[in-house]
Amino acid sequence: TSFIELKFKDFIFDGYENLSGQISKESPIILPKVLDFISGDKVALIVMDGMSLFDFEVLSRKFDNIKYEYECIYALVPTTTAISRQSLLSGKYSRQLEKPFSLDREEREFMNAAKELGYSGKQIKYLRGYKLEISPLLKFISIIINDIDDMAHGQKQGRIGMYNDVGLLADSNNLQNLIKKLNNKGFKVYLTSDHGNTLCIGVGSLRSSGVEVETKSKRMVVLKDFADENDIIKNNTFLYPGYYLDKSYKYFICNANKSFDNKNEEVMTHGGISIEEVIVPFIKVKAVQ
C-alpha cells in the first residue's frame, strides 16, 4: 500500500490544513469539531485511545446487539495522545492549548469546553475505565479507555498480536456492556479515538537533541528553533509544516514504517501521518437491544 501512503502524504501537505473550515452533517471531519457536533443532548463520548480502523473492525464483530452509524474523521498531526486527544476533548486546535505536549490540563480543558457548550458543572464529568458510577445529574461525559493504546505500546507480535489482543478485548464484552449501560441511562453514545496505530521498524533510539516531546510515541520529535537535527533525525524524518500547531517549534515526523525504537525492532506505534494513524472511527450508537 506504499503508493497509497504517498498520495495520502501529498494530501497532508496540501489539503489537511483546510479541514478546519469544512462542515459535514454526517461527522465532525476533524477531532476538535467533535464536542460541538455531539452537544445539545444527554451525551456520553467514549474515547478508545489509540484505536485504529483495523482495531474497530475487530471490536465491532462482537457488536451483535448494538446498531450504529460508522463514519471516519481526521486526528491531529502529529498523532500523539497529548496533542490529538487533548484537541478532541477541548474542542481546540493544538496552537490554542496552554500545554499541547502534556495531558496535565486535559480534564480541565474538557470541563471548560463543556461549560462553553451550555452545560453546568454538575452535569459534566471526565471519567476513565469501564466500571463507572454515573450520577443521574450528569448530561455530558467523556470516558477514556486506554486498553488499545496499552496493547499497541506493549505489543511484541505486530499486527497479528494486535488482532488477537483486540479480539480478546471484544470477547470480554467490557466495551459492549459500557455502551449498553450508558444507553440504558438515557445517554446518546458516541465512540471515537484520538489516533490509530501502525506497524514500524526501529531505526535506533533517539538521543537528546533539543526540546523533545516526552511521549510513548517514537514516530516524531519536536525541537525548538535553536536545536540542531542530528544525523538520525536527518536520515529518517521529514519536516512537517506544523498545521494547527505552535510555529515556534519544528516538527519532524518519521518516514513511512519507521520509528525511533531499537534498531530493527518491530513495534506498533503512532505519531506519524499514515492513514492508519490519522483516520479514526467516529461511531454514533443508534440502538441497543
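This is a short selection-by-selection tour of a predicted model.

**Stop 1: Ser193**

Select Ser193. It sits in the loop between β5 (188-192) and β6 (198-202). Is Ser193 buried or exposed? Its relative accessibility is 0%, so Ser193 counts as buried.

Now show polar atoms on the side chain of Ser193. Which backbone oxygens lie by a polar atom of this side chain? One belongs to Met51, at 2.9 Å. Another belongs to His195, at 2.7 Å.

Next, expand the selection to the contacts of Ser193, skipping neighbours within four places in sequence. That brings up Leu31, Met48, Gly50, Met51, Leu88, Val280 and Pro281. Met51 thus appears both in this contact list and as the owner of the backbone oxygen at 2.9 Å. Leu88 is a residue of helix α4, and Leu88 leads to the next stop.

**Stop 2: helix α4**

Select residues 81-90, which form α4. How many of the residues of this helix are buried? The count is 10 of 10, so α4 is largely enclosed by the rest of the structure. The buried set includes Arg85 and Gln86, together with Ser84, Ser87 and Ser90. Ile83, Leu88 and Leu89 are buried too.

Step just past the end of the helix. Gly91 follows α4 and has a positive phi of about 70°.

**Stop 3: α4 against α5**

Keep α4 and add α5, residues 106-116. In general, a pair of packed helices is described by the angle and the distance between their axes. Here the angle is about 25°, and the axes are 8 Å apart. An angle under 35 degrees counts as roughly parallel, so α4 is roughly parallel to α5.

Colour the contact residues. From α4, pick Arg85, Gln86, Leu89 and Ser90. From α5, pick Glu106, Glu109, Phe110 and Ala113. By type, the contact holds 3 nonpolar, 2 polar and 3 charged residues.

**Stop 4: the nonpolar cores**

Nonpolar side chains tend to be buried together in soluble globular proteins. In this model, the largest nonpolar core has 46 residues. Which of them touch the most other members? Select Tyr16, Ile38, Leu45 and Tyr240. Helix α5 gives the most to this core, with 4 residues.

Centre on Tyr16. Apart from neighbours within four places in sequence, Tyr16 is in contact with Phe11, Ile30, Tyr74, Ala75, Leu76, Val77, Tyr240, Tyr243 and Tyr244.

Finish at the second core, which is separate and has 34 residues. Ile148, Ala152, Val189 and Met268 are among them. Val189 falls in β5 (188-192), the strand before the loop of Ser193.

Technical notes. Residues numbered from 1 in each chain as written. Predicted model: local features only at pLDDT ≥ 70, side-chain atom pairs only at ≥ 80, totals over all residues. Heavy atoms only, no water. Helix = DSSP H or I, 4+ residues; strand = E, 2+ residues; numbered from the N terminus. Buried < 20%, exposed > 50% of the residue type's maximum accessible area, 1.4 Å probe, protein only. Polar contact = N/O pair within 3.5 Å; in protein donor to acceptor, adjacent residues only side chain to side chain. Contact = heavy atoms within 4.5 Å. Core = buried A, V, L, I, M, F, W, Y, C linked by side-chain atoms within 4.5 Å. Axes fitted to C-alpha atoms, helices over the stretch in contact; angles between N-to-C directions. Parallel < 35°, antiparallel > 145°, perpendicular 65-115°, else oblique. Nonpolar A, V, L, I, M, F, W, Y, C, P; charged D, E, K, R; others polar.
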